[in-house]
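Reader: I'd like a close look at one part of this fold, the region around the salt bridges and the helices that carry them. Could you walk me through it, and then show me how the rest sits around it?

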Amino acid sequence: TIAAGSIVGLFGPSGEGKTTFVALLVGLHSPRAGKILIGDTVLGGDIIRAWRDLVSYVAQDPFLFHDTIRRNLLWVAPNASEEDLWSALHIVGADAVVRRMADGLDTVVGERGTLVSGGERQRLALARAILRKPRLLILDEATNALDLQSEGAIIRRLVETSPRPSIIMIAHRIESVGLCDRKIRLEAGRFVEFEQ
């Protein structure tokens with residue numbers, strides 16, 4: 001069970017099923033046995049599309065369009081205000097960086113974001129995900145280009161958002177899930193609650 005507003009750290013080596021778990025949770029795959037419930041509703045059929053609209057997913061190598069920062073952010077929230085954009089950038093620690101850029105929000109990031117660093121690309125993708133105001137935010141190695149201090153600062157600011165989405169943070173390193181409410185290690189396709 002993942003409680004509303006909780007932060008769950010899911011870690012373990014490659015090939016243990018972290019990505020499969022996320023695919024099940026988002027409704028990209030159906031479980032072979034059992035069922036996934038969103039509240040009291042079984043995830044399946046007609047509600048999958050509605051559920052996906054409430055989920056933001058950020059991968060370790062996020063995609064940015066060959067366009068401005070503003071248009072990359074507005075892609076998921078076309079009616080977001082300027083204040084909304086700056087607020088999302090602040091949460092991920094990118095507001096100061098964007099303000100220093102010659103064209104600010106109107107800076108072009110290049111094809112797949114090649115004109116910004118890997119860490120900046122991840123921060124912009126995180127800001128875009130936050131702008132959707134999701135009920136579930138999945139971070140799949142989404143901060144691996146950042147140092148642990150920067151990663152921790154982002155998690156602390158996410159914790160302060162209101163309303164706070166449930167967050168699943170997938171990582172290879174245990175240090176990345178240190179600020180999570182729960183830490184779960186995936187071993188041979190099974191969840192093992194981890195206590196430090």
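Author: Here's a walk through that region, followed by the sheet.

Keep in mind that this is a predicted model. A search of the whole structure turns up four salt bridges, and the place to start is Arg70. Its side chain meets Glu82 in a salt bridge, with the closest N and O atoms 2.8 Å apart. Arg70 sits in helix H3 and Glu82 in helix H4, so this pair ties together parts that are 12 residues apart in sequence. Arg70 also has Asp106 as a salt-bridge partner, at 3.0 Å from N to O. That second pair links distant parts of the chain, since Asp106 belongs to the loop between H5 and H6, 36 residues from Arg70. Put the two together and you have a network of salt bridges made of Arg70, Glu82 and Asp106.

Are the two acids buried or exposed? Neither extreme: Glu82 counts as partly exposed at 42% relative accessibility, and Asp106 is partly exposed too, at 40%. As a general point, side chains of opposite charge can pair when their charged atoms come close.

Now stay on H3 and look at Leu73. With a relative accessible area of 1%, Leu73 is buried, because anything under 20% counts as buried. Setting aside neighbours within four places in sequence, Leu73 is in contact with Leu85, Leu89, Leu105, Leu124, Ala127, Arg128 and Leu131. Two residues from that contact list, Leu85 and Leu89, turn up again among the buried residues of H4, along with Trp86, Ala88 and Ile91. Here the usual helix rule is handy: an α-helix has 3.6 residues a turn, so residues three or four places apart point the same way. What covers the buried residues of H4? The cover includes H3, helix H5 (95-100), H6 and helix H7 (148-159). After H4 comes Gly93, which has a positive phi near 70°.

The loop between H3 (69-74) and H4 (82-91) deserves a stop as well, as it holds Trp75. Unlike buried Leu73, Trp75 is exposed, with a relative accessible area of 53%. Together with Phe63 and Phe65, Trp75 makes a nonpolar surface patch of about 310 Å².

From here, H6 takes us over to the sheet. Helix H6 (residues 118-131) lies across S4 and S5, running at about 175° to S4. The sheet is an open one of six strands with mixed pairing, in the order S4-S5-S6-S1-S7-S8. Strands S4 (55-58) and S8 (190-193) stand at its edges, each with a single partner strand, so one side of each has no neighbour in the sheet. On average, neighbouring strands are turned by 20° against each other, direction ignored.

Take the S4 edge to begin with. S4 and strand S5 (residues 136-140) run parallel and are joined by four bridges, with Val55 standing opposite Leu136 in S5.

Further along the order you reach strand S1 (residues 7-11), where Ile7 has its place. At 1% relative accessibility, Ile7 counts as buried. Leaving out neighbours within four places in sequence, its contacts are Ile155, Val159, Ile167, Cys180, Asp181 and Arg182. For a sense of scale, the C-alpha atoms of Ile7 and Gly93 are separated by 19 Å, with their positions 86 residues apart along the chain.

At the other edge, strand S7 (residues 182-187) and S8 pair in the antiparallel sense, again over four bridges. Glu187 stands opposite Arg190 in S8. The hairpin of S7 and S8 has two residues between the strands, and in it Ala188 takes a positive phi near 50°. There's a salt bridge here too: Glu187 pairs with Arg185, the closest N and O atoms being 2.9 Å apart. Both are partly exposed, Glu187 at 37% relative accessibility and Arg185 with a relative accessible area of 26%. It's worth recalling that in a regular strand the side chains alternate between the two faces of the sheet.

So much for the tour; to return to your request, the centre of it is Arg70, linked with Glu82 and Asp106 in a network of salt bridges.

Notes:
Residues numbered from 1 in each chain as written. Predicted model: local features only at pLDDT ≥ 70, side-chain atom pairs only at ≥ 80, totals over all residues. Heavy atoms only, no water. Patch = residues over 30% accessible without salt bridge, like charges linked within 9 Å, V, L, I, M, F, W, Y side chains within 5 Å. Areas by Shrake-Rupley, 256 points an atom, 1.4 Å probe, with all protein chains shown as cover. Buried < 20%, exposed > 50% of the residue type's maximum accessible area, 1.4 Å probe, protein only. Pairing = 2+ DSSP bridges. Axes fitted to C-alpha atoms, helices over the stretch in contact; angles between N-to-C directions. Contact = heavy atoms within 4.5 Å.
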